[in-house]
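Me: Please take a close look at a single helix in this model, and describe how it sits among its neighbours and what it contributes to its surroundings.

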Amino acid sequence: MVFDPRTKIISLASTGILMVVLDSPIMLSFCFLAVFCLTASSIRSWKKFGVFTSILVIGTWATIYSQAIFYDRFPRTALFTLAGNVHFYREGIVHGIIQSLRFNTSISIGYFVISTTQARDLLVGLIKLRVPYGLAFMTTIAVQYIPLVFSDTKAVIQSQKLRGFRY
């Protein structure tokens, strides 16, 4: 499935607006599943799919965990307590699920657009959508550096492994 870059840009902006406007876990779940399926269909390697899914799972766990502990609104119901004064709140878990759905949907649609659109096509699409040239060019340059950051990170990790560093 090949989409016009303008379609991708508009879907990215629309998804961003939806993530701010929607507050229902059911609607957010529907949006996430739709975007995740689209993104998963564009990933060509099982290894990349595993890494992508792992990032989403770790982010989800961290968001739910932190919101469950640091939820400060009332009313709140403590589900259980750790170490005497660390409480896990039911409302915090629900809030964490909502926030993680927002993050994961945004990350997924962003990954889809970045991984399936050439920088040149992104620039042309932004210009055709009447985005000012300076902003369109700046966005395109920023997107081009994402793979460079990943390759540099891989090189650093590989060199640390060769030196005997264990994570």
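Reply: In this predicted model, the residues A136, T140 and V143 of α6 are buried, and the buried residues of this helix pack against α4 and α5, the latter covering 119-128. The helix itself runs over 133-162, and its length can be checked against its residue count: at 1.5 Å a residue, the 30 residues of α6 should span 44 Å, and because its end C-alpha atoms are indeed 44 Å apart, the two values agree. Just after α6, G164 takes a positive phi of about 95 degrees.

Besides this packing, α6 also takes part in the lining of the largest pocket, to which it gives eight residues, the largest share. That pocket has a volume of about 970 Å³, and of the 21 residues lining it, those closest to its centre are K48, V51, Y111, I146 and F150. Within that group, I146 and F150 fall in the range of α6, 133-162, whereas K48 and V51 fall in that of α3, 46-70, and Y111 in that of α4, 90-116. Each of these three helices supplies at least two residues of the lining. By residue class, the lining of the largest pocket divides into 11 nonpolar, seven polar and three charged residues. Thus α4 appears in both settings, as a packing partner for the buried residues of α6 and, together with α6, as a contributor to the lining of the largest pocket.

Note on methods
Residues numbered from 1 in each chain as written. Predicted model: local features only at pLDDT ≥ 70, side-chain atom pairs only at ≥ 80, totals over all residues. Heavy atoms only, no water. 1 Å grid on protein atoms, 1.4 Å probe; cavity = no way out; pocket = protein on both sides within 12 Å on 5 of 7 lines; lining within 4 Å. Points joined across faces, edges and corners; volume = space filled by probe spheres on them. Helix = DSSP H or I, 4+ residues; strand = E, 2+ residues; numbered from the N terminus. Nonpolar A, V, L, I, M, F, W, Y, C, P; charged D, E, K, R; others polar. Expected span 1.5 Å × (residues − 1). Buried < 20%, exposed > 50% of the residue type's maximum accessible area, 1.4 Å probe, protein only. Contact = heavy atoms within 4.5 Å.
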